[in-house]
Amino acid sequence: MATGRTHRPATRSRGIPEATVARLPLYLRALTALSERSVPTVSSEELAAAAGVNSAKLRKDFSYLGSYGTRGVGYDVEYLVYQISRELGLTQDWPVVIVGIGNLGAALANYGGFASRGFRVAALIDADPAMAGKPVAGIPVQHTDELEKIIEDNGVSIGVIATPAGAAQQVCDRLVAAGVTSILNFAPTVLSVPDGVDVRKVDLSIELQILAFHEQRKAGEETAAGDGALPAATRGKSADQGPDGDVPAVMPA
């Protein structure tokens with residue numbers, strides 16, 4: 001089976017936009033669910049709704065793959081699964097190393113979705129000597145001293161960093177020096193990498209903060225809607241505002 005080191009996905013050479021590449025996994029997830037239900041064909045509208053995009057954008061994305069569907073029939077589900085998997089490089093074997101086997105790293109190691117999507121966890125690596133040899137998800141943890149040899153022996157080109165922030169850059173530098181060209185970073189820090197190395201950052205705290213922003217905005221809209229019963233002359237003014245909405249120059253005693 002081909003390794004990730006010698007075979008690269010064809011998306012960039014074929015000029016597929018990055019925004020389209022980012023949506024391909026959404027389409028693949030929806031298509032896989034349809035395939036598991038033995039659904040033979042799907043319309044662009046149905047697939048777009050399942051993937052959470054609009055149908056015009058979906059048809060444009062698929063045009064980059066050379067898939068246009070059949071009028072009145074739709075898209076062949078199994079063929080699209082194969083086609084998108086091929087474009088994403090998921091028809092190959094991609095050995096992955098996970099560095100940092102704390103709570104998050106162990107959870108990633110136990111995630112069952114890697115193998116079914118073309119990724120093989122080749123090694124688990126941690127700096128704690130007490131972790132060496134300890135099995136996690138059936139894989140013995142190896143010490144960071146072995147990192148370069150592990151990458152070379154397994155032809156690894158994808159690394160996952162799940163270390164504390166302070167150790168992430170050093171780990172990143174070692175991964176890159178050893179030949180890793182794609183990194184998934186779970187550490188709460190920004191990594192510096194040379195040209196030719198791709199980094200995808202996953203920061204759960206940032207995602208939660210964005211959700212908090214939306215929750216606060218929704219709460220504000222509800223409050224504003226509730227204020228609709230106030231007289232127009234006073235709606236939206238605070239107790240400290242004057243008749244023109246400005247804070248009075250002289251505060252009442």
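**Before the close-ups.** A nonpolar core is a set of buried Ala, Val, Leu, Ile, Met, Phe, Trp, Tyr and Cys residues joined through side-chain atoms within 4.5 Å. Buried means under 20% relative accessible area, while exposed means over 50% and partly exposed is in between (1.4 Å probe, protein chains only). The model you're looking at is predicted, so local features need pLDDT of at least 70 and side-chain atom pairs count only at pLDDT 80 or more, while totals for chains, interfaces and linings use all residues. Residues are numbered from 1 along each chain as its sequence is written, and side-chain values use heavy atoms, with hydrogens and water left out.

**View 1. The largest nonpolar core, with α1 as its main contributor.** This core holds 22 residues, and the ones touching the most other members are Tyr27, Leu31, Val42, Leu47, Leu58, Phe62 and Ile84. Two or more residues come from each of α1, α2 (44-51), α3 (55-65) and α4. Helix α1 provides the largest share, seven residues. (Helices are DSSP runs of H or I with at least four residues, strands are E runs of at least two, and both are numbered from the N terminus.) Now pick out Tyr27: leaving out residues up to four places away in sequence, it touches Leu47, Ala51, Val53, Lys57, Leu58, Asp61, Phe62 and Ile84. Contact here means heavy atoms within 4.5 Å. There's also a second, separate core of 19 residues, including Ala122, Ala123, Ile125 and Ile151.

**View 2. Serine 55, a residue of helix α3.** Is Ser55 buried or exposed? Ser55 counts as buried because its relative accessibility is 19%. If you skip neighbours within four places in sequence, Ser55 is in contact with Ser44, Glu45 and Ala48.

**View 3. The open sheet of seven strands.** Walk across the sheet and you'll meet the strands in the order β5-β6-β4-β3-β7-β8-β9, with mixed pairing. The edges belong to β5 (135-136) and β9, each with a single partner strand, so one side of each has no neighbour in the sheet. What holds strands together? Strands of a sheet pair through backbone hydrogen bonds, either parallel or antiparallel. Two strands count as paired if DSSP finds at least two bridges between them. Towards one edge, β8 and β9 are parallel, with four bridges. Here Ser182 sits opposite Asp198 in β9.

**View 4. Strand β3 and its two partners, β4 and β7.** β3 and β4 run parallel and are joined by six bridges. Look for Pro95, whose bridge partner in β4 is Arg120, and for Val97, which stands opposite Ala123 in β4. β3 also pairs with β7 in the parallel sense, over four bridges, and there Val99 faces Ile161 in β7. How many of the six residues of β3 are buried? The count is six of six. Both faces are covered, with Trp94, Val96 and Ile98 buried on one side and Pro95, Val97 and Val99 buried on the other.

**View 5. Strand β4 next to β6.** β4 is mostly covered, with six of its eight residues buried. Its pairing with β6 (residues 139-143) is parallel and has three bridges. One spot to find is Leu124, which stands opposite Val141 in β6.

**View 6. The largest pocket, lined by 41 residues.** A pocket is found on a 1 Å grid over the protein atoms alone: it's an open set of points where a 1.4 Å probe fits, with protein on both sides within 12 Å along at least five of seven lines, and lining residues have an atom within 4 Å of a point. The volume is about 1800 Å³, meaning the space filled by probe spheres set on the points, with grid points joined across faces, edges and corners. Nearest the centre are Pro25, Leu88, Leu90, Phe119 and Arg200. Elements supplying at least two lining residues include α4 (77-88), β3 (94-99) and β9 (198-201), but α1 gives the most, with 10. By class, the lining has 23 nonpolar, eight polar and 10 charged residues. (Ala, Val, Leu, Ile, Met, Phe, Trp, Tyr, Cys and Pro count as nonpolar, Asp, Glu, Lys and Arg as charged, and the others, Gly among them, as polar.)

**View 7. The second largest pocket, about 180 Å³ in volume.** Of its 14 lining residues, Ala127, Thr144, Thr163, Ala167 and Val171 lie nearest the centre. Helix α8 gives the largest share, four residues. The lining divides into seven nonpolar, four polar and three charged residues.
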